[in-house]
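Please examine the sequence and the three-dimensional structure shown here. The explanation proceeds from the overall division to individual elements.

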Amino acid sequence: METLHIATTPFEGQRPGTSGLRKKVKVFQQPGYLENFVQAILDSQPELQGGSLVVGGDGRYFNREAIQVILRLAAANGVRRLIVGRGGLFSTPAVSCVIRKYKTQGGIVLSASHNPGGPDEDFGIKFNSANGGPAPESVTEAIFARTKSIDRYLTLDTPPVDLDQLGTFRLGETEIEIIDPVSDYADLMEALFDFDAIHHLFNSGHFQMRFDAMHAITGPYAIEILENRLGAAPGTVMNGVPLEDFGGGHPDPNLAHAQELVAMMHGSDGLDFGAASDGDGDRNMILGRDCFVTPSDSLAILAANAHLLPGYRQGIRGIARSMPTSQAANRVADFLGIECFETPTGWKFFGNLLDAGRITLCGEESFGTGSDHVREKDGLWAVLFWLNLLAVRQQSVAEILTDHWKRFGRNFYTRHDYEGVDLDAAEGLVDHLRRLLPDLPGRQLGAETVSYADDFAYTDPIDGSVSERQGIRIGFESGARIVYRLSGTGTSGATLRVYLEYFEPDPALHHSDTQDAMRPLVLIARELAQIESRTGRTEPDVVT
Ligand code: VG1
Ligand code: CO
């Protein structure tokens, strides 16, 4: 079959953000736009020639078309073997699992995660390395550099591959294997957790749960694992059919966007356990009856209890949390006498620590939790971890949470997002904060005294690479913190994220309302950054 050499010219702005290249679908539909980026991946990763690659996405609008383009380019560029999820589907953690299991040279994930899907919404593409994790900055920068000088891409003139048929096909010299996207992942989960114990919990007659797949990728995974393998009642998985536009919703598992599920958790006949995942299946939200577990607390609780579960019985080696994630995990690490790392936002920064065996668990405040079983955050993994814990401890979510706070103290936590802010205004706000930094230490703000203030920079302890300007950190003597950063996953305007945390040792005060309790800190944060005068916003758009 003849390889076509198609002349092309660079597109501006193909620099991957926190998690790959995310743009409006319309941007990706420009002729050559996706081709250029994929060719840049193939050109900058020579080991893919003659190697193998996993390809799949979260099923959002444009997923199938994009996969056809990628398969042709990969084949034309001499990739020997392509492993594709049936229907073009793979959750992000399942891609990671499959890359590792079949020892491929990498994978391409198509997703814009929790961003809405549809012709006028978002699409995204991300390259994962041979360890199964998001490519480190050195690789994403090499891809970006290549997009700026690209002048041709290679492809084949072939009809579309049938993505819905399991089996092995040829495309030119390349072998394409269409596999069940669920089974390898489900097997891995079965190896980590006590499925018998969870099965007994489901059969006990006094345990009611729902998992909300939000019409996104985790539907088929959750049905197979929770309903088929663990015997949960049919219907336990809600919104379980993946849709190209996620039913018009925001597939973002938080209190604002998973309201249908949240409403089922209240009162004496509320569910015992509720959980949800996002567009591509790497995020998780954990709920109990009248109770919400913040992702920061979840990481700390998983760390404190990991030894009770089969996959982690030997104990954990270390923990990492992204910088804006609360310091609750540090308290557990101190107690266990293990290291706790603080990394920039984005899962790619955990990869080296996981590969080097320095950490077992890691997490982000943005509903991301994971372990060394794969190299992505993993929504269903976190849900199964909690279910296994509930089964072993024979306690409710609320009891486990309250116990944890009693033992370690509570890190009250909230994040305020200001979305669709004017880009210049947002950058001006961050510059303003940067200018304030040198004078902040020692200053009194409200009832708090600043102990340190910086623009977070991270030196990777394994390869020594340095990542600067990762967010403004203001720490107070009380242990409270305010963090500001701009989102790197949005597709229009800027999103300002303000992360707030304070520590409360007194159990008598552990049950205060989070937003009330954090009000003084919120006011400090708004005033210091001049949020209202610079962005015109008086209140955040999303509070988590
Ligand atoms: C957000 C989160 C970050 C997460 C990233 C990708 O990035 O804050 O913690 O790793 O999304 O998650 P940002 O730059 O918008 O703050 V996912 O589930 O969108 O792949
Ligand atoms: Co995601």
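The following paragraphs treat the domains, then two helices, and finally a sheet.

The model under discussion is predicted. According to the domain assignment, the protein comprises domain 1 (3–181), domain 2 (185–408) and domain 3 (410–543). The centres of domain 2 and domain 3, taken over C-alpha atoms, are separated by 26 Å. Contact between these two domains involves 19 residues of domain 2 and 20 residues of domain 3. On the side of domain 2 that touches domain 3, the elements giving two or more residues are α12 (351–355) and α14 (397–408). Of these, α14 gives the most, with three residues. By character, the residues on this side of domain 2 comprise nine nonpolar, eight polar and two charged.

Attention now turns to helix α2, which covers residues 33–44. For its 12 residues, a rise of 1.5 Å a residue leads one to expect a span of 16 Å, and the end C-alpha atoms are 17 Å apart, which agrees. Because 10 of these 12 residues are buried, α2 is largely enclosed by the rest of the structure. The buried residues in question are L34, E35, N36, F37, V38, Q39, A40, I41, L42 and D43. What do the buried residues of α2 pack against? Their partners are β2 (21–24), α1 (25–28), α3 (63–76), β6 (122–128), α5 (137–147) and β7 (152–156).

One of those partners, α3, may be described in a similar manner. Helix α3 has 14 residues, and the distance from its first C-alpha to its last is 20 Å, close to the 20 Å expected at 1.5 Å a residue. This helix is mostly covered, with 10 of its 14 residues buried. Among the buried residues of α3 are N63, A66, I67 and I70, and the buried set also includes the run L71, R72, L73, A74, A75 and A76. Just after α3, G78 adopts a positive phi of about 85 degrees.

The final topic is an open sheet of five strands, ordered β11-β10-β12-β13-β14, with mixed pairing. The edges are occupied by β11 (237–238) and β14 (291–293); each has a single partner strand, so one side of each is left without a neighbour in the sheet. In general, strands of a sheet pair through backbone hydrogen bonds, either parallel or antiparallel. Which sense applies to β10 and β11? Strand β10 (residues 209–212) pairs with β11 in the parallel sense, over two bridges. Within this part of the sheet, F211 has V237 of β11 as its bridge partner.

Conventions. Residues numbered from 1 in each chain as written. Chains lettered and ligands numbered in written order. Predicted model: local features only at pLDDT ≥ 70, side-chain atom pairs only at ≥ 80, totals over all residues. Helix = DSSP H or I, 4+ residues; strand = E, 2+ residues; numbered from the N terminus. Expected span 1.5 Å × (residues − 1). Buried ≥ 20, exposed ≤ 12 C-beta atoms within 10 Å, placed from the backbone. Contact = placed C-beta atoms within 7 Å. Domains from an automatic or database assignment. Nonpolar A, V, L, I, M, F, W, Y, C, P; charged D, E, K, R; others polar. Pairing = 2+ DSSP bridges.
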